[in-house]
Amino acid sequence: MNIIFVCTGNACRSPMAEAAARYFIKEHSFSSAGLTAYENMPMSRNAELALEAKNIPYENHFSRNLTENDIDRADLILTMSSRHKAVLMPSAGDKVFTLKEYTTGWGYCRPFRRGLRGI
């Protein structure tokens, strides 16, 4: 299954979700993208620190925008907010959900703006 995580800038939340998914779930393919990303920016340092605090490995990440090809190839699109989901509807159809809608018991932090509180 090809799963893509989507947020705004692809510098914090979606790459963190991608890294965590790759670490905890081995049988699927994961990627991430942003709706309005500045292309080729590194993951935010606070996102890296949050992953390191949980001992979740991550690869060198560079931000990128979501493409129509990404949407076509994805079996499942998980957005970080309902606003992200609304942007993708109806073109992504029944394969787009917010992360909260699709999961139970999984929380995430927003270290870009709030630092490392709550980790």
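Is Y23 buried, partly exposed or exposed? With a relative accessibility of 35%, Y23 lands in the partly exposed class, because buried would need under 20% and exposed over 50%. Keep that in mind as you go through the views below, and remember that you're looking at a predicted model.

**View 1. The whole protein is built from six helices and four strands.** Follow the chain from start to end and you'll read the pattern β-α-β-α-α-β-α-β-α-α. There are 119 residues here, and buried ones make up 46% of them. On the outside, the protein exposes about 7,100 Å², with carbon and sulfur atoms supplying 52% of that area. Now think about who touches whom: among contacts with a separation of 6 or more, 66% are between residues 24 or more positions apart.

**View 2. Four strands line up as an open sheet.** Going across, the order is β2-β1-β3-β4, and the pairing is parallel. The edges belong to β2 (29-34) and β4 (96-98); each has a single partner strand, so one side of each has no neighbour in the sheet. From one strand to the next, the twist averages 25 degrees. What holds neighbours like these together? Strands of a sheet pair through backbone hydrogen bonds, in either a parallel or an antiparallel way.

**View 3. Strand β1 pairs with β2 and with β3.** Let's take the β2 side to begin with: β1 and β2 run parallel and are joined by six bridges. Look for I3 standing opposite F30, and for C7, whose bridge partner in β2 is G34. Getting from β1 to β2, the chain passes through α1, and this β-α-β crossover is right-handed. Over on the β3 side, β1 (residues 2-7) and β3 (residues 76-79) pair in the parallel sense over four bridges. There you'll find I4 opposite I77 and F5 opposite L78. Helix α1 (residues 13-24) packs on the sheet, where it touches β1 and β2. The direction of α1 makes about 175 degrees with that of β2.

**View 4. Strand β1 is covered on both faces.** Check one side and you'll see N2, I4 and V6; flip to the other and there are I3, F5 and C7, and all of these are buried. That makes six of the six residues of β1 buried, so the strand is largely enclosed by the rest of the structure. How many residues of β2 are buried? Five of the six are, so β2 is largely enclosed too.

**View 5. Aromatic rings pair up in this protein, three pairs in total.** Start with F5 and F30: their ring centres are 6.1 Å apart and their planes sit at 20 degrees, so this pair is stacked. The cut-off for calling a pair stacked is under 30 degrees, which is why 20 degrees fits. F5 belongs to strand β1 and F30 to strand β2, so to speak two distant parts of the chain, 25 residues apart, linked by one pair. Both F5 and F30 are buried. Y23 from the opening question also has a ring partner, F24. The Y23 and F24 rings are 4.9 Å apart centre to centre with 80 degrees between the planes, an edge-to-face pair.

**View 6. E18 is a buried residue in helix α1.** Its relative accessible area is 12%, and anything under 20% counts as buried. Who are the contacts of E18, leaving out residues up to four places away in sequence? They are F5, F30, S31, S32 and H61. You've already met two of those names, F5 and F30, as the stacked pair.

**View 7. I71 sits in helix α3 (residues 68-73).** At 5% relative accessibility, I71 counts as buried. Skipping residues up to four places away in sequence, I71 touches L66, I77, L88, S91, A92 and K95. One of these, I77, is the residue of β3 that stands opposite I4. While you're here, find G93 as well: from I71 to G93 is 22 residues in sequence and 9.7 Å in space, C-alpha to C-alpha.

Key. Residues are numbered from 1 along each chain as its sequence is written. This is a predicted model: local features need pLDDT of at least 70, side-chain atom pairs count only at pLDDT 80 or more; totals for chains, interfaces and linings use all residues. Side-chain values use heavy atoms; hydrogens and water are left out. Two strands pair if DSSP finds at least two bridges between them. Axes are lines fitted to C-alpha atoms, for helices over the stretch in contact, and angles run from 0 to 180 degrees between N-to-C directions. Contact means heavy atoms within 4.5 Å. Buried means under 20% relative accessible area, exposed over 50%, partly exposed in between (1.4 Å probe, protein chains only). A crossover is right-handed if, with the strands pointing away from the viewer, the path from the first strand over the helix to the second runs clockwise. Accessible areas come from the Shrake-Rupley method with a 1.4 Å probe; for residues, only the protein chains shown count as cover. Rings of Phe, Tyr and Trp (its six-membered ring) pair if their centres lie within 6.5 Å; planes under 30 degrees apart count as stacked, over 60 as edge-to-face and the rest as tilted.
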